[in-house]
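Take a look at how this chain is divided, and then at one strand in its interior. The walk goes from the whole to the detail.

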Amino acid sequence: MSVLDYGTGIYAIDLFEERKSFRSSAYVIRDERVALIDTGSAKSQEALLEGLAELGLGSEDLDHVIITHVHLDHAGGAGQMMQKSPRAVLHAHPRAARHLIDPSKLDQGARAVYGDQMDEIFGHLLPVDPHRVVIAEDEGTLRLGRHTLTFYHTPGHAKHHMCIFDDRSQGIFSGDMVGIRYRPEYTGWDFTYGFPTTSPADFDPDAMLESLHRLEALKPRRIYHTHFGMTEPAGEAFDFSRNGVHYINKLIQQLPDTVTYEQIQEAMSEIMIQDLRIQGHVVPSVDPLGVDLWLDSLGILVYIQKKQKLA
Ligand SMILES: [Zn+2]
């Protein structure tokens, strides 16, 4: 099963990112116009095309490709997808658009984090024709037919992040803004767990709390997470995201100026184990969250170092 049906023409396609199921998804909204929200990386292109085919769609049927932010697990395959979708226009945050048109900085940034593994994990980045890129302004709208989408600029996870509110399902396509929803199929645990994602390079806890507040004021019913699936009622996702940020803020206050990556990683795994225990789950380790634990700890370290430079 690689396509999940959330009703009102909304589907999630499992992208098998990092060769794992229930890790990352792209969303399709089927209406008079067809929209794709996030493409995943270039490596997940095949899974995306297969998912579209399961819905009886081809890439040439796409009218709109919408990018939540330019991290590679969301937009690394945007160039390839736009080449295969001659009719589509691409909608992106103003800070994201230039990186989709010229991905060289994105490439450099990703290589700084992932090193030699970058090509293996995400594949190659292709530029998007600037004439096919539309800047998504804050509170700008896009009508697909029965669905009208509204874009919200939501810094915190990334400065180039936006979320998309769908009026028909009263849901928010949250990208990485309203936390990650770890499904049992991914972790091997017998429960679903939620935690914010603080990956580099511009995680900012205060901005994240502000964006969460702004999105919650829209009173959505549902959150459609990229990672992974849907949270309803939406309040649960806001709660676990905010709780996580509060833990992280407390941690940042306690850490010494000379903190190392290893210290942050150890503290973060302790925080997650404690958080799980409070929710009644005793786990031997948080190893199943390993990749994110690494990215989250790195993001927190980058944030602390930036703050020290400003001080
Ligand atoms: Zn992501």
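The centres of domain 1 and domain 2 lie 25 Å apart, taken over C-alpha atoms. This is a predicted model. The domain assignment places domain 1 at residues 3-234 and domain 2 at 245-310.

The two domains touch. Domain 1 brings 21 residues to the contact, and domain 2 brings 18. On the side of domain 1 that touches domain 2, three elements give two or more residues: strand S12 (180-182), strand S13 (193-195) and helix H8 (205-216). H8 supplies the largest share of that side, three residues. By residue type, the side of domain 1 that touches domain 2 holds 14 nonpolar, five polar and two charged residues.

Now turn to strand S10, residues 162-166. Five of its five residues are buried, so the rest of the structure largely encloses S10. In a regular strand, side chains alternate between the two faces of the sheet. Both faces of S10 are covered. Met162, Ile164 and Asp166 are buried on one side. Cys163 and Phe165 are buried on the other.

What does S10 pair with? Strand S9, residues 148-153, runs antiparallel to S10 and is joined to S10 by five bridges. Here His153 stands opposite Met162 of S10. Strand S11, residues 171-175, also runs antiparallel to S10, with three bridges between them. In this pairing Phe165 stands opposite Ile172 of S11.

The link between S10 and S11 completes the picture. These strands form a hairpin with four residues between them. In the turn, Gln170 has a positive phi of about 55°.

Methods
Residues are numbered from 1 along each chain as its sequence is written. This is a predicted model: local features need pLDDT of at least 70, side-chain atom pairs count only at pLDDT 80 or more; totals for chains, interfaces and linings use all residues. Domain bounds come from an automatic or database domain assignment. Two residues are in contact if their C-beta atoms, placed from the backbone, lie within 7 Å. Ala, Val, Leu, Ile, Met, Phe, Trp, Tyr, Cys and Pro count as nonpolar, Asp, Glu, Lys and Arg as charged, and the others, Gly among them, as polar. A residue is buried if 20 or more other C-beta atoms lie within 10 Å of its own, exposed if 12 or fewer, and partly exposed in between; C-beta atoms are placed from the backbone. Two strands pair if DSSP finds at least two bridges between them.
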